[in-house]
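User: Got a model here I'd like to talk through with you. Can we start with the ligand and then go wherever it leads?

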Amino acid sequence: MTSPPEFLKNNLPTSSASIGRPHITLTWAQSLDSKIAGPGGQRVILSGKESMLMTHWMRSMHDAILIGVNTLILDDPRLQANLLPPSLNIPPPQPLILDPKLRFPVTARILGEWNTKVSERGRTVRQPWIICGEDVSLKRKEQVEIAGGRVIPVPLDERGHISPSSLPSIISNLGLKSVMIEGGSKVLSTFLHCPKRHDGSNLVDSVVITVAPMFIGDGIGVVPQGEDIGLPKLKYIHTEIMGKDAVMICSKE
Ligand SMILES: NC(=O)C1=CN([C@@H]2O[C@H](COP(=O)(O)OP(=O)(O)OC[C@H]3O[C@@H](n4cnc5c(N)ncnc54)[C@H](OP(=O)(O)O)[C@@H]3O)[C@@H](O)[C@H]2O)C=CC1
Ligand SMILES: Nc1nc(O)c(N)c(N[C@@H]2O[C@H](COP(=O)(O)O)[C@@H](O)[C@H]2O)n1
């Protein structure tokens, strides 16, 4: 395959995004009992090879990929599109971390790969950009910057979070036209619960869910316990069967 699967191209309108109105996609992989990770946040491979490849194509369709700091700490992800054929030279998305208190571990794999510029088969590696609160100490900011990260302080909301409704302007100011939010649970929850942008349009444009035929049992839910009230109505767009998994595309109503 040399370009994204047709169903993504047809149903995920990232190419029509602009700096003025960036496209926001929310995505995750879940079990049949709506879990995204095991007990204590242990990473679980839910996606089969077909849907994992699809996720990497989806990453390549966005300018940026965003996760919460807990996911960075627990999973130590690479956040690249490294399952795509290297010969295509497809640029990887810009990694963005939501990290109000700047807990970002300087031992993180994405930082190590950026510093050594080492990635298999000569692929491009991007510097991790870490979005934090304006009140983080200068010392801590310097530590992360010296370690190689770009630190981007922004005002926090009343919960001490990076406000979901301010994300469009944050990413526009960074010159990015689209972002794929991968989780984890707390980040998915605040974005699902935040209906609108400052301009009154839907905050989240697309929701892409991979459902794997397995149960996790004790584990981390798609949204944290008690936060499943007030979730938005979704408008169904498309389902694609990819190997053992079902991949659903929706938008917010
Ligand atoms: N199956 C899948 O598709 C995926 C699974 N996961 C799993 O998710 C788990 C981690 O999820 P979780 O523990 O909920 O943590 P998250 O990864 O959602 O990170 C949450 C933290 O991000 C910071 N934050 C900043 N802004 C916001 C905001 N607007 N909303 C919410 N948080 C914000 C806070 O940091 P602070 O506390 O410092 O203020 C918060 O505690 C891992 O186990 C991982 O494996 C993750 C991604 C995908
Ligand atoms: N699509 C998908 N399927 C799964 O089964 C998963 N566990 C995840 N997790 C997300 O992918 C990140 C890891 O990415 P790298 O392979 O290291 O690039 C992980 O942090 C979650 O965000 N996703």
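**Ligand 1 and serine 189**

Analyst: Sure. A nitrogen atom of ligand 1 sits 3.0 Å from a backbone N or O atom of isoleucine 36. Keep in mind that this is a predicted model.

User: And what about an oxygen atom of ligand 1, how far is that from the side chain of threonine 71?

Analyst: That one is 2.5 Å, taken to an N or O atom in the threonine 71 side chain. Glycine 184 joins in through its backbone, with an N or O atom 3.0 Å from an oxygen atom of ligand 1.

User: How much of ligand 1 does the protein bury?

Analyst: 92% of the 930 Å² that ligand 1 exposes when taken alone.

User: Which element gives the most to the shell?

Analyst: α3, with five residues. β1, β2, β7 and α7 are also among the elements giving two or more. In total 25 residues surround ligand 1, and the closest include Lys101, Lys186 and Thr190.

User: What's the mix by class?

Analyst: 11 nonpolar, nine polar and five charged.

User: Switching topic: where is serine 189, and is it buried or exposed?

Analyst: Serine 189 is in helix α7, residues 185–193. Its relative accessible area is 1%, so it counts as buried, the cut-off being under 20%.

User: What does its side chain make a polar contact with?

Analyst: The side chain of glutamate 227, at 2.4 Å. Beyond its neighbours within four places in sequence, serine 189 is in contact with Val223 and Pro224 as well as Glu227.

Note on methods. Residues numbered from 1 in each chain as written. Chains lettered and ligands numbered in written order. Predicted model: local features only at pLDDT ≥ 70, side-chain atom pairs only at ≥ 80, totals over all residues. Heavy atoms only, no water. Helix = DSSP H or I, 4+ residues; strand = E, 2+ residues; numbered from the N terminus. Buried < 20%, exposed > 50% of the residue type's maximum accessible area, 1.4 Å probe, protein only. Polar contact = N/O pair within 3.5 Å; in protein donor to acceptor, adjacent residues only side chain to side chain. Contact = heavy atoms within 4.5 Å. Near = heavy atom within 4 Å. Areas by Shrake-Rupley, 256 points an atom, 1.4 Å probe, with all protein chains shown as cover. Nonpolar A, V, L, I, M, F, W, Y, C, P; charged D, E, K, R; others polar.
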